[in-house]
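Here are my notes on the ligand site, set out as numbered points for you to check against the coordinates.

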Amino acid sequence: MTTHTPASIFNADLHCHSVVSDGTLTPEELAARAKANGVELWSLTDHDEVGGQHRAMAAARAVGLPYLTGTEISVTFASVTVHIVGLGFDPDHPALVQGLARTRGGRDERAQEMSDQLAAVGIHGAFEGALKYAGNPELISRTHFARYLVETGVCADTYEVFRRFLTEGKPGFVPHRWAKLADAVRWIREAGGVAVIAHPARYDHSPTAEYALFSEFVGHGGQGVEVVTGSHSPDEYVTYADMAQEFGLAASRGSDFHSPDESHTDLGALPNLPGKLTPVWTLLADRIHWPQ
Ligand code: AMP
Ligand code: MN
Ligand code: MN
Ligand code: MN
C-alpha cells in the first residue's frame with residue numbers, strides 16, 4: 001500500500017473555475033487537465049458555488065488525483081470586493097450551502113444594471129449575450145460579460161475588457177454588497193473547512209485596510225493566505241510570504257485557471273511555495289480525498 005502524506009506534495013493547485021461558475025471547462029475536463037499537467041493535489045473553487053463539488057471529486061478519483069473540496073466566496077470588506085477561498089469542507093453542510101445561495105442572489109439584478117450601463121455607451125444585448133456564456137444561470141458574472149464584449153469585437157481579449165469596462169469608474173461597473181467577512185469564514189469553518197484569503201495583492205486596499213483585513217480574518221478563525229497564485233508577481237510571492245509569517249497563516253498555492261483561451265497560468269504551472277511556509281494542505285490531512 002502506498003502511504004500518502006500531505007508533506008510529500010509540492011504541486012498542489014487549490015484554485016480554479018469550471019462552467020459551474022465562470023470557467024469554460026467542465027469539472028471532468030479540469031480534472032483530466034490537472035492530472036496531465038502533473039498536479040498532485042487539486043481543488044475546484046467555483047465562485048459562490050459548491051454545485052460542482054461531487055462531480056469534481058468523482059472526476060479526480062477517476063483520474064487518480066487527490067482532491068480537496070473548494071469554493072471562492074465573494075465578500076465586501078472596507079468597500080472593496082475580497083475573495084475568500086474555502087478548502088476541505090463538507091459540500092453538503094447547510095450553513096455553507098445556504099450562505100452561498102444568499103451570496104449568489106442579486107447577481108441577476110446586478111447583471112441587468114450592468115447591461116443597461118453598457119447600452120448607454122452603445123453596446124446592446126449584453127445581458128442576453130453574457131447569459132449565453134453562463135453555464136449556471138444563477139452565476140452570471142463579469143467574466144461572462146467580458147466574453148460577450150470579445151465576441152462582438154468591442155475588445156480584443158478579456159484583459160482589454162477589464163481595462164476599459166466593468167471595473168470601478170468604467171462603463172458596466174455596478175457596485176455590489178457581497179457576503180460579510182465574518183460570515184464567509186464562519187460558513188467554511190462550520191462545514192469543517194479552512195478559510196484562505198485569495199490573491200491578496202489584487203485588492204485596492206490602503207495598507208491600513210489590508211492590515212485590518214488580515215487581522216480581522218485571523219480574529220474570525222481564518223487560517224490561510226494564497227502566496228503563490230496566477231494573480232501574483234514573483235515580488236508579491238515574497239511580500240505575502242512575509243505577511244503569512246507575520247500573521248501566523250498557512251500558505252496556499254493555486255493557478256486561478258479559468259480557460260485555456262484566457263488564462264495566463266495553466267493548472268499546476270506555478271513555482272513551489274517558499275520552503276519557510278506551512279502549506280495549507282498540511283492542516284487538511286484528514287480532509288484530502290485520496291484516490292484508491
Ligand atoms: P464578478 O464576481 O461578477 O464580480 O466577476 C469577477 C470575475 O471577473 C473574477 O473572478 C475574474 O474571473 C474576472 N475579473 C475581474 N477583474 C478582472 C481583471 N482585471 N482581469 C481579468 N479578469 C478579471
Ligand atoms: Mn472568476
Ligand atoms: Mn478571485
Ligand atoms: Mn478565482
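1. In this predicted model, the shell around ligand 1 draws on both domain 1 (10-104 + 178-287) and domain 2 (107-164), with at least three residues coming from each. Ligand 1 itself sits in the largest pocket.

2. The residues that surround ligand 1 are Asp22, His47, Arg107, Arg110, Ser141, Arg142, Thr143, Phe162 and His258. Sorted by class, this shell has four charged residues, four polar residues and one nonpolar residue.

3. Two helices deserve attention when you inspect the site, since α4 (107-120) and α6 (142-151) each supply at least two residues of the shell around ligand 1.

4. As for polar side chains, an N or O atom in the side chain of His47 is 2.8 Å from an oxygen atom of ligand 1, and an N or O atom in the side chain of His258 is 3.0 Å from an oxygen atom of ligand 1. For Thr143, a polar side-chain atom lies 3.2 Å from an oxygen atom of the ligand. On its own, ligand 1 has 500 Å² of accessible area, and the protein covers 80% of that area.

Technical notes
Residues numbered from 1 in each chain as written. Chains lettered and ligands numbered in written order. Predicted model: local features only at pLDDT ≥ 70, side-chain atom pairs only at ≥ 80, totals over all residues. Heavy atoms only, no water. Near = heavy atom within 4 Å. Polar contact = N/O pair within 3.5 Å; in protein donor to acceptor, adjacent residues only side chain to side chain. Areas by Shrake-Rupley, 256 points an atom, 1.4 Å probe, with all protein chains shown as cover. 1 Å grid on protein atoms, 1.4 Å probe; cavity = no way out; pocket = protein on both sides within 12 Å on 5 of 7 lines; lining within 4 Å. Sits in = over half its atoms within 2 Å of the grid points. Helix = DSSP H or I, 4+ residues; strand = E, 2+ residues; numbered from the N terminus. Nonpolar A, V, L, I, M, F, W, Y, C, P; charged D, E, K, R; others polar. Domains from an automatic or database assignment.
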